[in-house]
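User: Please take a close look at a single part of this model. I would like one connected account of how that part is placed and what it touches.

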Amino acid sequence: MSSEVIVVGGGVIGLTTAVTLAESGTQVRVWSREPVDATTSAVAGALWWPYRIEPEERVGAWSLASLRVYEQLARSPDETGVRLTAGVMADTALAGLGPWAAEVPGLREDPYGLRASLPLIDMPAHLRYLRRRLEAAGGVLERRAVTRLDEAGPVVVNCTGLGARELVPDLEMASVRGQLVVVENPGVDTWYVAATHGAESVYLFPQPYGLILGGTAQEDNWDTDPDPAVARAIVERCSRVRPEVADARILEHRVGLRPVRTGGVRLAAERLPSGALCVHNYGHGGAGITVAWGCARDAARLAAG
């Protein structure tokens, strides 16, 4: 491998890939256009679950590899931001899931859907943890905007998410807008998800800093400003599940743009016209957290040539 690998993108995919490379002994530099705490990853929910991500035949292995890592990180939740938390995936049956579901500890059906204790991640805390871990392994994080992938030298890993639409360019990339409301937690200690394939869903995620209420999945919507009417509708939907949230004090509004790719995740290597080796690792849709470590390991192998 080259003496240095440049990872472009400072969200959870980029940082996890950089940590994997750095801890294997590679000299790594991360170039991120935004501060880590301003990336899409920072505003994610974020529950481990394969959601809005393809291709199905690869997602299961990536998800399970990541689950095993999060199970270990959950032993130190204050440090890593990862907690194993009980909850319900409403109106969901095991028969509708892939083979990966059989390897999720404790995943079981009940009259309401599926129950399990899954990794629920405090993303601001987790991103800080990944940055510390990267720096402890000798990696460097820099604020730097990239206009061409061949700026990055002989080996580059492209983890730019939606940025890949312009940078590659890859017109298969599109935004699926998610809006959230963070409220003071009135005592909810389990997560709940009732996801649909439409633009609206219901989920409640208890985090150390408050209760996250969601959400939306608005396709090809690039607006990052919170919509007050959407926020009110989110609170109303969630209060049907847990009436106590109806009067909870609102702490924050969040919007994130999921990086969905029509052809599914692009995790592959190519030679750029400059001769540089480029490993693409983007297009993770609504499941970047879920597959981050599995994809990072595959990307690191590709970067090794």
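Analyst: A residue counts as buried when its relative accessible area is under 20%, as exposed when the value is over 50%, and as partly exposed in between. The model is predicted, and every value below was computed from it.

By that cut-off Thr-17 is buried, because its relative accessibility is 0%. Thr-17 sits in helix H1, which spans residues 12-22 and has eleven of its eleven residues buried, so the rest of the structure largely encloses this helix. The buried residues of H1 include Val-12, Ile-13 and Gly-14, as well as Thr-16, Thr-20 and Ala-22. Beyond four places in sequence, Thr-17 touches Val-157, Cys-159, Asn-281, Ala-296 and Ala-299. The last two of these contacts, Ala-296 and Ala-299, fall within the range of helix H7, residues 288-303. The account can therefore be continued along H7, where Thr-290 also lies.

Two packed helices are described by the angle between their axes and the distance between the axes. For H7 and helix H2, the latter made of residues 56-73, the angle is about 100° and the axes are 6 Å apart. An angle from 65 to 115 degrees counts as roughly perpendicular, and H2 and H7 are therefore roughly perpendicular to each other. On the H2 side the contact involves Arg-58, Val-59, Trp-62, Ser-63, Ala-65, Ser-66, Val-69 and Tyr-70. On the H7 side the residues are Ile-289, Thr-290, Val-291, Ala-292, Trp-293, Gly-294, Cys-295, Arg-297 and Asp-298. Sorted by type, the residues of this contact are ten nonpolar, four polar and three charged.

Thr-290 takes part in that contact from the H7 side. With a relative accessibility of 1%, Thr-290 counts as buried. Leaving out residues up to four places away in sequence, Thr-290 touches Trp-62, Ser-63 and Ser-66, three residues that are also listed on the H2 side of the helix contact. Thr-290 further touches Leu-47, Trp-48, Trp-49 and Pro-50. Of these, Trp-48 is placed in the loop between strand E2 (27-32) and H2.

The aromatic rings come next. The count of aromatic pairs comes to four. One of them joins Trp-48 and Trp-49, edge-to-face, with 6.4 Å from centre to centre and 90° between the planes. Trp-48 is buried, its relative accessible area being 0%, and Trp-49 is buried as well, at 11%. Another edge-to-face pair joins Trp-48 and Trp-100, with a centre-to-centre distance of 5.9 Å and planes 80° apart. Trp-100 lies in the loop between strand E3 (82-90) and strand E4 (108-110), so its pairing with Trp-48 ties together parts that are 52 residues apart in sequence. Both partners of this pair, Trp-48 and Trp-100, are buried. Through these ring pairs, Trp-48, Trp-49 and Trp-100 form a cluster.

The loop between E2 and H2 has two backbone features to note. Most residues other than glycine have a negative phi, and most peptide bonds are trans. In this loop, which holds Ala-46, the peptide bond joining Gly-45 and Ala-46 is cis, with omega about 0°. The loop also holds Arg-52, a residue other than glycine whose phi is positive, near 50°. Arg-52 has a relative accessible area of 24% and is therefore partly exposed.

Elsewhere in the model there are counterparts to both features. The peptide bond from Val-168 to Pro-169 is cis, with omega near -10°, and Pro-169 is placed in the loop between helix H5 (164-167) and strand E8 (173-183). Phi of Asp-220 is positive, near 55°. Asp-220 belongs to the loop between strand E12 (218-219) and helix H6 (228-241), and its relative accessibility of 56% is why Asp-220 counts as exposed.

To return to the starting point, Thr-17 in H1 is buried and touches Ala-296 and Ala-299, while H7 packs against H2 at about 100°. Thr-290 of H7 also touches Trp-48 and Trp-49, and these two belong to the ring cluster with Trp-100.

Technical notes:
Residues numbered from 1 in each chain as written. Predicted model: local features only at pLDDT ≥ 70, side-chain atom pairs only at ≥ 80, totals over all residues. Heavy atoms only, no water. Axes fitted to C-alpha atoms, helices over the stretch in contact; angles between N-to-C directions. Helix = DSSP H or I, 4+ residues; strand = E, 2+ residues; numbered from the N terminus. Parallel < 35°, antiparallel > 145°, perpendicular 65-115°, else oblique. Contact = heavy atoms within 4.5 Å. Nonpolar A, V, L, I, M, F, W, Y, C, P; charged D, E, K, R; others polar. Phe/Tyr/Trp six-rings, centres within 6.5 Å; stacked < 30°, edge-to-face > 60°. Buried < 20%, exposed > 50% of the residue type's maximum accessible area, 1.4 Å probe, protein only.
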